[in-house]
Amino acid sequence: MAEKGFRKWIITITVITAALLELIDTTIVNVALPKIQGNLGATLEDVAWVVTGYAVANVIILPMSGWLGAYFGRKNYFIASIVVFTIASFLCGNSTSLNELVAFRILQGFAGGGLISTGQAILLDTWPREQIGTATALFGLGAVVGPTVGPTIGGYITDHTTWKWIFYVNIPVGAIAAFFALTFVRETPKDAKGKPIDWWGIALLAIAVGSLQTILEKGESEDWFAKPYILVLTIAAVLGTFLFIWRELSTDHPIVNFGIMRHRSFAVGMFTSFILGFGLYGSVFVFPVFCQNLLGFTAQQTGELLFPGGLCTIVMMPFIGKMLNKGVPAQFMATIGMFLFFVFTYMLSKSTLETGEVNVLVPLLIRGVGMALLFVPLTVLAIADLKGPEVGQGTGLNNMMRQLGGSFGIAALTTLIHIRQAGHRSNLLSNINPYNNAFIQRMHMLEAGFMAKGKSAIDATEMAYRAIEGAVIRQSLLLTYDDAYLISGLVMLFSIPLLYLQPFKKSAAKMPVDAH
C-alpha cells in the first residue's frame, strides 16, 4: 500500500540509508587492504578474500531475497538484514585474525544482499505506482553513488584512524535504520510461509552463483585455469546453473520464480542491467588504478575527482524520475545515457602521460550525468510490468545481474589490461634497436645528461637503458588503460539496440495502481 506525507519520506530515507551501507561496503574495504594485510600478518592473495568473500555471499543471497521476504515477511527480513549487517560490521572491526575477518565479511555479505533488493521492493511499495520513476531515482542515489564514493570514504578513514573504523562507522547508522524500519515500515503478507522449502534450489543456487562469482573475483590473479580449483569451480558453475534452472522450472515452490521472465521487459532488462553493472563497476575499477599508478595522483586526489561526477548523478536523479513520470520514454533517456558513457570513455582513451586533474574532470562529469540517465530508466523498464510478490523476486534478480555484470566487467578489464600491456610492450620494444634514429638520439641525449652529472660512460649507458625501460613501461601501461576505456565504452554503445527490444510504456501517470 502506497504511503503519504512524512511516513513515505522517512521510509524512503531509511531504505536509501540501508542500501548505502551495503553498497559502500562493497568497495570501501579495497583501499584498506594493504593496512589490513600488515596488521593481520597476511599475504596479499589471502587478504583479497576479505573482498571476495563479501562479494560471493552478496551475489548468492540476491536472487533468494525475494523468496526470503515472502517467507519471513518483507519487513521482518529487512530489519533482520540490517541487524545482522550491523553486528557483522562490529565483528569485522573486532577481528584479530584474517580467518575471523573473512568469516564475518561473508556474514556481512549475506545480510547485505537482503538490504539492497528488499529495500528496493519496500520503496516501490511505499510510492504510488504512477511515481515509480521518482522512487527508482531516489533508490538509484545509493546504487550509483555508493560504489563510487566507497573508496574515497575508505581512504579517508584509513588515513586518519585505523582500518577497523571502516566497519565501526556502520554501527550507529545501522542502529538508526533498524529503529526507523521497525517503527514505520508496514508488514507484507508471508506468501511463502507454510509452503515447502526448496532446499535443493537453495543448494544449487549457492553452488552455481557462488562458484561463478569466485571465478570472476580470483580468475585473473590465479592465472585462470592454471589453478585446478578454478577449473573445478568452472565445472561446478556450469553444471550448477543448468541443474538450478531445471530444478526451479520443475518444482511447484521455487526459490527463484523464473515465471517472471515471461515479461519481455524484465527478460531484456536482465541483460541491460548486466551491461549497466559492467560500465558502473568496471569504470570505478579502472579509473583509480589509472590515476594512482600512472598519473601519480594520491588516493585523496582521486576521490576528490570522483566526487563532482557523483554529485552530478545526485542532482540529475530527481529530474530523471520526474521526466519518466511525465511519460518521456525510458528507452530514449537510456540511449542518451549509454552514448554519454561512451563519450566519457572515449575522452579518457585519449589520455597521455601529461593528463592532469582538469583533463579528467569533464569526462567524469559526463559520466555522472550518463549514469543518472542509465540507472533509473533501465530499472523502470525492467520492473514496470511486475506486480505483487513478483516485485521482490524481480528486484533480487535485477540487482544480481547488475552485480554479476560488474564482476564480469572487472574480470574482463583486468584480463584485457594484462594481455594488452604485454602486446604494447612488445610493439614498443621493437623500436629499440640501433637502426632507429629516434632511439639513438634519445639514448645519446640521456647518456650525455647522466655524464654531465658526473657519471662514467659505462654507468651513464646503463642508466640510460633503465630510463628507456621505465618510459616503455609507462607508455605501455598508458596505451593499455586507453584500450580498456575505449572497449568498455564500445560495449555500452553497442548495447543500445537492446533497449528497443523492450516495449514502450505509456505515461506512468496513466498506469494502473497495483494493489497489493
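Here are a few questions and answers about this predicted model.

Q: What is the mean pLDDT of the protein?
A: Let's start with confidence, since this is a predicted model. Of its residues, 89% reach a pLDDT of 70 or more. Over the whole protein, the mean pLDDT is 78.

Q: Which element has the highest mean pLDDT?
A: At the low end among the elements is helix H3 (residues 44-47), with a mean of 65. At the other end, with a mean of 90, is helix H6 (residues 74-93).

Q: How many contacts beyond near neighbours in sequence does the stretch of residues 507-516 have in the model?
A: A little caution helps here, as the pLDDT is below 50 over residues 507-516. Beyond near neighbours in sequence, the model still gives this stretch 22 contacts.

Q: Which helix gives the most residues to the largest nonpolar core?
A: The largest nonpolar core has 104 residues, and among those with the most contacts inside it are Phe 78, Phe 287 and Met 400. The helix that gives the most to this core, with 14 residues, is H16 (residues 357-383).

Q: With which residues is Met 400 in contact, leaving aside its neighbours within four places in sequence?
A: Met 400 is one of the residues with the most contacts inside the largest nonpolar core. Once neighbours within four places are set aside, its partners are Val 59, Leu 62, Pro 63 and Val 209.

Q: Why does Ile 235 count as partly exposed?
A: Ile 235 lies in helix H12 (residues 228-250) and belongs to a nonpolar surface patch with Phe 225, Leu 231, Leu 239, Leu 243 and Trp 246. Partly exposed means between 20% and 50% relative accessible area. Ile 235 counts as partly exposed because its relative accessibility is 47%.

Conventions: Residues are numbered from 1 along each chain as its sequence is written. This is a predicted model: local features need pLDDT of at least 70, side-chain atom pairs count only at pLDDT 80 or more; totals for chains, interfaces and linings use all residues. Side-chain values use heavy atoms; hydrogens and water are left out. Patches are made of residues with over 30% relative accessible area and no salt bridge: like charges are joined within 9 Å, nonpolar side chains (Val, Leu, Ile, Met, Phe, Trp, Tyr) within 5 Å. Accessible areas come from the Shrake-Rupley method with a 1.4 Å probe; for residues, only the protein chains shown count as cover. A salt bridge is a side-chain nitrogen of Lys or Arg within 4 Å of a carboxyl oxygen of Asp or Glu. Helices (H or I, at least four residues) and strands (E, at least two) are DSSP runs, numbered from the N terminus. Buried means under 20% relative accessible area, exposed over 50%, partly exposed in between (1.4 Å probe, protein chains only). A nonpolar core is a set of buried Ala, Val, Leu, Ile, Met, Phe, Trp, Tyr and Cys residues joined through side-chain atoms within 4.5 Å. Contact means heavy atoms within 4.5 Å. pLDDT is the predictor's confidence in each residue, from 0 to 100.
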